[in-house]
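Visitor: I am new to this structure, and I would like a close look at a single part of it. Could you take me through the cysteines, slowly and one after another?

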Amino acid sequence: MDEGQLILIDKPLTWTSFDVVKKLKFACKFKKIGHAGTLDPLATGLLILCTGKMTKQIDSYQAQEKEYTGTLVLGKTTPSVDLETAFDAEFEVSGLTPEAVQQAAQQLTGVIDQIPPIYSAVRVNGERLYERARRGETADKVEGGIKSRTITVTAFEVDTERFPEIDFRIVCSKGTYIRSLVRDLGLLLQNGAYLKALRRTRIGDFRIEEADSVEGFIRKCRPAESLPS
């Protein structure tokens, strides 16, 4: 019986989490492999994968606290709240102050109710929200509405030195959508915001510094093939 292993990967930009699973499954000939928590294609960083019997632990890894760093930009919005879609609105940012940004981030800290973004894998009436979004539906047109969920944001630290680009660090619970926090920060400021860059740096006690690149892990799992003939 395959006892399995836990694998830490630094997910590359534009790859889906499933792309990583598929690549390792075939390259390393794993019979059973899955990931413990999706990262958006435009995000990079720590992805936990489990193989063999370790896949039974996936839920416990998904439930652990997560840390992210990234950059949001004030003054513009996109439907997806990141750069997957084109800009759809622009706002004047000259009236915003660093203090207002700090206060808005604090309002989004603690136990809060959050509505997932329309571009997400949440299922409503059996269909993924992003499938509806790509057909042109907006959040207010979703039958039955998009249900909020209770999450915990332990830290939402912002650095306004490069305003209107805001660098941030967020520590949060399972089920938190960083894009929703960015969207809601813009709304609290009566402005707009989108996510420019996102990196997951920690899941529980596992840190990005411990992770392999996809190519690096494949070299480890196929050492004989990497030797010169």
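Guide: In this predicted model, the place to begin is the bond between C28 and C221, where the torsion about the S-S bond is about -75°, so the disulfide is left-handed. The sulfur atoms of C28 and C221 lie 2.0 Å apart, which is within the 2.5 Å that a disulfide calls for, and the structure holds one such bond. As for where the two partners sit, C28 belongs to the loop between α1 (17–27) and β2 (33–35), while C221 is part of helix α6 (residues 214–221), so the pair ties together parts that are 193 residues apart in sequence.

The surroundings of the two partners can be described as well. C28 has a relative accessibility of 13%, and because buried means under 20%, C28 counts as buried. C221, with a relative accessible area of 29%, is partly exposed.

From here one can turn to C50, which is in no disulfide, and for which the nearest cysteine sulfur, that of C28, is 15 Å away. C50 is also buried, its relative accessible area being 0%. C172, likewise, is in no disulfide, and the cysteine sulfur nearest to it, that of C50, is 19 Å away. With a relative accessible area of 2%, C172 is buried.

To return to the starting point, the bond to look for in the model is the one that C28 and C221 form, whereas C50 takes part in no disulfide and C172 takes part in none either.

Terms used:
Residues are numbered from 1 along each chain as its sequence is written. This is a predicted model: local features need pLDDT of at least 70, side-chain atom pairs count only at pLDDT 80 or more; totals for chains, interfaces and linings use all residues. Side-chain values use heavy atoms; hydrogens and water are left out. Helices (H or I, at least four residues) and strands (E, at least two) are DSSP runs, numbered from the N terminus. Buried means under 20% relative accessible area, exposed over 50%, partly exposed in between (1.4 Å probe, protein chains only).
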